[in-house]
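Biologist: Could you take me through this model? I'd like to start with one residue and move on from there.

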Number of protein chains: 2
Amino acid sequence: MPNIIKMIDHTNIEHNATEKDIIKTCQEARFYGFRGVDVNPQWVKLAKKELKGTKIKVVVLIDPPMGQSPHFQRVAICKQAKKDGADELDVVINVIDIKYERFSEVLADLKEICKILPTKVIIGSGYLTDEEIKKASEIVKKAGAICVKTATEKDPLDRLELKEKARHLQIMRKAAPGILIKASGKIKTLEDALMMVQAGADIIGTSSSVEIAKAYKRNKSVA
Amino acid sequence: MPNIIKMIDHTNIEHNATEKDIIKTCQEARFYGFRGVDVNPQWVKLAKKELKGTKIKVVVLIDPPMGQSPHFQRVAICKQAKKDGADELDVVINVIDIKYERFSEVLADLKEICKILPTKVIIGSGYLTDEEIKKASEIVKKAGAICVKTATEKDPLDRLELKEKARHLQIMRKAAPGILIKASGKIKTLEDALMMVQAGADIIGTSSSVEIAKAYKRNKSVA
C-alpha cells in the first residue's frame with residue numbers, strides 16, 4: 001500500500017471555519033505528517049505560523065468554485081497569498097472560458113499565476129466533457145503548473161461520482177504527462193483514497209484526512 | 001393548442017452576436033408577434049429601437065450563468081438596462097448563495113432588483129435539489145418578482161433533461177403560486193415547448209422560436 005498520509009493535502013475550506021478550527025487542522029497535519037494544509041486565503045498567515053518548523057506546505061485555494069473572477073483580481077489574491085506565506089496555490093481554472101473555448105485567455109491567465117508560486121490548477125472536471133478535460137489539462141501543463149487537479153473539495157455543484165472521477169484522472173494523466181495529478185472532492189475513506197491513487201493520483205485533497213490516516217495505520221499494523 | 005407564439009421570449013444571447021444578428025432577431029419577433037426579445041445588456045438600446053411601435057417586450061439577461069457578481073454590480077447593470085429602454089429583467093439568482101443557504105442575502109439582492117423593473121428570476125434549477133428549487137422559488141416570489149424561470153438558454157454547464165425540467169416547473173409552480181413560470185434551456189421544437197406548457201410554463205425562452213412558430217402554424221392550419 002502506498003503511503004497515503006504523505007500524499008494528503010489536509011483540507012479545511014469551510015466558509016464558517018474559525019481560527020480555532022484552522023489551528024486544529026494544522027495540529028492534525030503536524031501530528032499525522034500530511035503533505036500540506038489547504039485553506040482559504042484569509043487563513044494563510046495563521047496556517048504558516050502554526051506549521052512553522054515543519055515541511056508541511058501551506059496551500060491556498062483561489063477563486064472557487066468556477067474561477068470566474070477577473071484576471072487582475074485572481075493575480076492580486078495569489079500575490080497576497082504569497083506575501084502571507086503560502087507555499088502553493090490551488091487555483092480554479094475559468095471553467096466558463098474553457099466551455100466557450102477561450103483557450104488563449106485561459107493560458108495567459110494561468111501563465112501569470114504560475115510565476116507567482118508553484119501552482120496546482122483545478123479544472124472542475126465534473127463540468128467538462130472528456131475533450132474539454134483533455135484540452136484543459138494540456139493548457140495547465142503548458143502554463144507551467146506543477147499539478148492538475150480535478151475539483152475543489154466543497155464545490156456545492158459537484159455531482160461527480162468517484163468512479164467517474166477516477167476515469168477523469170486517467171484522461172488528465174494522459175493529457176498532461178510529467179506533472180502531478182491531484183484528486184479532490186468526495187474522498188471520504190481510505191478505500192476512496194486508494195481508488196484515486198490507483199487511477200493515477202499523486203496527491204489527495206480531502207477533509208477526511210484524519211479518518212483516512214487512522215484507517216491507513218490500522219491496515220498497516222494488521223498487514 | 002395554446003397560442004405558443006404569444007408565450008415566446010425570442011432569445012439571442014450568443015456571445016458573438018453582431019448588430020445585424022440582433023436586428024434580425026427583432027425583425028423575426030415583429031413578423032411572428034412573439035411576446036418578447038431576450039438579449040444581453042449591450043443590445044438593449046438597439047432592440048428597443050428596432051421594436052419601436054410594437055408591444056414586444058425588450059427583455060435583458062442579467063449576470064449569467066450563476067448570478068455571482070457582487071450585488072452593487074448587478075444593481076448597476078439592471079439600472080443601466082432600464083435607462084437603455086429594457087422592459088423586463090431576466091436576472092440569474094446567486095446560485096452559490098442558495099447552495100450555502102445564504103437566503104437573507106439572496107432575498108435582499110432580489111428585492112432591490114425587483115424595484116427597478118418587472119423581474120423574472122432565473123434559479124438555475126439544474127444545479128439545485130428539489131428542496132433548493134422550492135426555497136429559491138419562495139424567495140423569488142417574496143422578493144416581488146413577476147416570474148420564476150428555470151435556466152438561462154445558453155448556460156454552458158446545463159445538463160438538465162427536458163423531462164426533469166418539466167418536473168422542476170411543477171415544483172416551482174407549487175412553491176410560487178400566483179406568479180408566472182418561464183421555461184428556458186434546450187427547448188428546440190414545438191413538442192418541447194408544448195411539453196413545457198403542459199408542465200405549467202407561462203412563458204417559453206428559446207432561440208428556436210422561428211422553427212417553433214412555423215411548426216405551430218403548420219399544425220394549426222392542419223387542425
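Modeller: A:Tyr32 counts as buried, at 14% relative accessibility. Buried means under 20% relative accessible area, exposed means over 50%, and partly exposed is in between, with a 1.4 Å probe and protein chains only. This is a predicted model, in which local features need pLDDT of at least 70, side-chain atom pairs count only at pLDDT 80 or more, and totals for chains, interfaces and linings use all residues. Residues are numbered from 1 along each chain as its sequence is written, chains are lettered from A and ligands numbered from 1 in the order in which they are written, and side-chain values use heavy atoms, with hydrogens and water left out.

Biologist: And A:Phe31, buried or exposed?

Modeller: A:Phe31 is exposed, with a relative accessible area of 62%.

Biologist: How many aromatic pairs are there over all chains?

Modeller: The count comes to four. Rings of Phe, Tyr and Trp (its six-membered ring) pair if their centres lie within 6.5 Å; planes under 30 degrees apart count as stacked, over 60 as edge-to-face and the rest as tilted. For A:Phe31 and A:Tyr32 the centres are 4.9 Å apart and the planes stand at 85 degrees, so that pair is edge-to-face. B:Phe31 and B:Tyr32 also have centres 4.9 Å apart and planes at 85 degrees, so they too are edge-to-face. In chain A, ring pairs link A:Phe31, A:Tyr32 and A:Phe34 into a cluster.

Biologist: How do chain A and chain B lie on each other?

Modeller: A turn of 180 degrees and a shift of 0.1 Å along the axis lay chain A on chain B with an RMSD of 0.0 Å. The two copies are therefore related as by a two-fold rotation axis. The same surface serves both copies, since 100% of the contact residues of chain A recur in chain B. Superposition is by least squares on the C-alpha atoms of residues with pLDDT of at least 70 in both copies, and contact means heavy atoms within 4.5 Å.

Biologist: What about pockets? How much space lies in the second largest one?

Modeller: About 530 Å³. Of the 33 residues that line the second largest pocket, the closest to its centre are A:Arg159, B:Gly126, B:Tyr127, B:Leu157 and B:Arg159. The elements giving two or more residues to the lining are helix 7 (162–175) of chain A and helix 7 (162–175) of chain B. Helices (H or I, at least four residues) and strands (E, at least two) are DSSP runs, numbered from the N terminus. On a 1 Å grid over the protein atoms alone, a pocket is an open set of points where a 1.4 Å probe fits, with protein on both sides within 12 Å along at least five of seven lines, and lining residues have an atom within 4 Å of a point. Grid points are joined across faces, edges and corners, and the volume is the space filled by probe spheres set on them.

Biologist: Which residues is A:Ala176 in contact with, leaving aside its neighbours within four places in sequence?

Modeller: Those are A:Ser137, A:Lys141 and A:Val148. A:Ala176 is in the loop between helix 7 and strand 7 (180–184) of chain A, and counts as buried at 0% relative accessibility. The C-alpha atoms of A:Ala176 and A:Ser137 are 5.6 Å apart, with their positions 39 residues apart along the chain.

Biologist: Where is A:Arg74 found?

Modeller: A:Arg74 is in helix 3 (residues 71–84) of chain A. At 1% relative accessibility A:Arg74 is buried. Beyond four places in sequence, its contacts include A:Asp63, A:Asn94 and A:Asp109.

Biologist: Backbone next. Which peptide bond is cis in chain A?

Modeller: The one from A:Pro64 to A:Pro65, with omega near -5 degrees. A:Pro65 lies in the loop between strand 3 (57–62) and helix 3 of chain A. In chain B, a cis peptide bond joins B:Pro64 and B:Pro65, again with omega about -5 degrees.

Biologist: And what is phi of A:Lys186?

Modeller: Phi is near 65 degrees, a positive value in a residue other than glycine. Most residues other than glycine have a negative phi, and most peptide bonds are trans. A:Lys186 sits in the loop between strand 7 and helix 8 (190–198) of chain A and is partly exposed, with a relative accessible area of 35%. B:Asp63, not a glycine either, has a positive phi of about 65 degrees; B:Asp63 is buried, at 12%.
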